[in-house]
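The exercises below are to be worked with the sequence and the coordinates side by side. Try each task before reading its solution.

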Amino acid sequence: MVFTSLSGIALLVVLVVSVSFWSFRQIEVAAESRKQASIIMTRANEVLSAIKDAETGQRGYLLTGDKAFLQPYLIAHDSVSGHLKDLRLLTSNRTAQKHLDTIVPLLDAKLEGLKHVIML
């Protein structure tokens, strides 16, 4: 009877330890996933910020005629493609890749539109 009780307790301890290790591993995987999502969101925000900077620079130049306002536009214009490449490298999800494929021509058109207005 004592042997059966000890075996049952040992089996229970092994089961609890195994489930604990599995749970901790799941927590690590979830944390890594959250970290990756945070990095991707940061990169996406950098793209949005660069477009806003380009618009702000264009608007400042149009209102004042001061070429100093073109500096943010030029920096943003040059950095958008790099941000998009970084974002594409970080993203392995097919749906996200399709969204990037959709947004790239739109961003190119936006930047081209800003450039056209500046040239006028």
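**Exercise 1.** Does Gln58 count as buried or exposed, and why?

*Solution.* Before starting, note that this is a predicted model, in which local features need pLDDT of at least 70 and side-chain atom pairs count only at pLDDT 80 or more, while totals for chains, interfaces and linings use all residues. Residues are numbered from 1 along each chain as its sequence is written, and side-chain values use heavy atoms, with hydrogens and water left out.

Step one is to place the residue: Gln58 is part of helix α1, which covers residues 2-64; helices are DSSP runs of H or I with at least four residues, strands are runs of E with at least two, and both are numbered from the N terminus. Step two is the criterion, under which buried means under 20% relative accessible area, exposed means over 50%, and partly exposed lies in between, with a 1.4 Å probe and protein chains only. Step three applies it: Gln58 counts as buried because its relative accessibility is 10%. Step four lists its partners, leaving out residues up to four places away in sequence: Gln58 touches Tyr73, Leu114, Val117 and Ile118, where contact means heavy atoms within 4.5 Å.

**Exercise 2.** Describe the overall form of the protein chain.

*Solution.* Begin with the secondary structure: the protein chain has three helices and zero strands, in the order α-α-α from the N terminus on. Next, take the radius of gyration over C-alpha atoms, with the globule rule of 2.2 Å times the number of residues to the power 0.38; the chain has 26 Å, whereas a compact globule of 120 residues would have a value near 14 Å. Along the principal axes, the C-alpha atoms fill a box of roughly 95 × 25 × 15 Å. Finally, 18% of the 120 residues count as buried.

**Exercise 3.** Which residues touch the most other members of the largest nonpolar core?

*Solution.* A nonpolar core is a set of buried Ala, Val, Leu, Ile, Met, Phe, Trp, Tyr and Cys residues joined through side-chain atoms within 4.5 Å. The largest such core has 16 residues, of which Ala54, Tyr73, Val80, Leu84, Leu107 and Leu111 touch the most other members. Helices α1, α2 (70-90) and α3 (94-119) each supply at least two residues of this core, and the largest share, six residues, comes from α2. To follow one member outward, take Leu107, which, apart from neighbours within four places in sequence, is in contact with Val47, Ile51, Val80 and Leu84.

**Exercise 4.** Compare the surroundings of His83 and Pro72.

*Solution.* Take His83 first: this residue lies in helix α2 and is buried, with a relative accessible area of 18%. Leaving aside neighbours within four places in sequence, His83 is in contact with Glu46, Val47 and Ala50. Pro72 also belongs to helix α2, but Pro72 is partly exposed at a relative accessible area of 36%. Apart from residues up to four places away in sequence, Pro72 touches Asp53, Ala54 and Gly57. The C-alpha atoms of Pro72 and Ile51 are separated by 9.8 Å, with their positions 21 residues apart along the chain.

**Exercise 5.** How many Å apart in space are Val19 and Thr91, C-alpha to C-alpha?

*Solution.* Locate Val19 in helix α1, where it is partly exposed with a relative accessible area of 43%. Val19 and Thr91 are 72 residues apart in sequence, and their C-alpha atoms are 31 Å apart in space.
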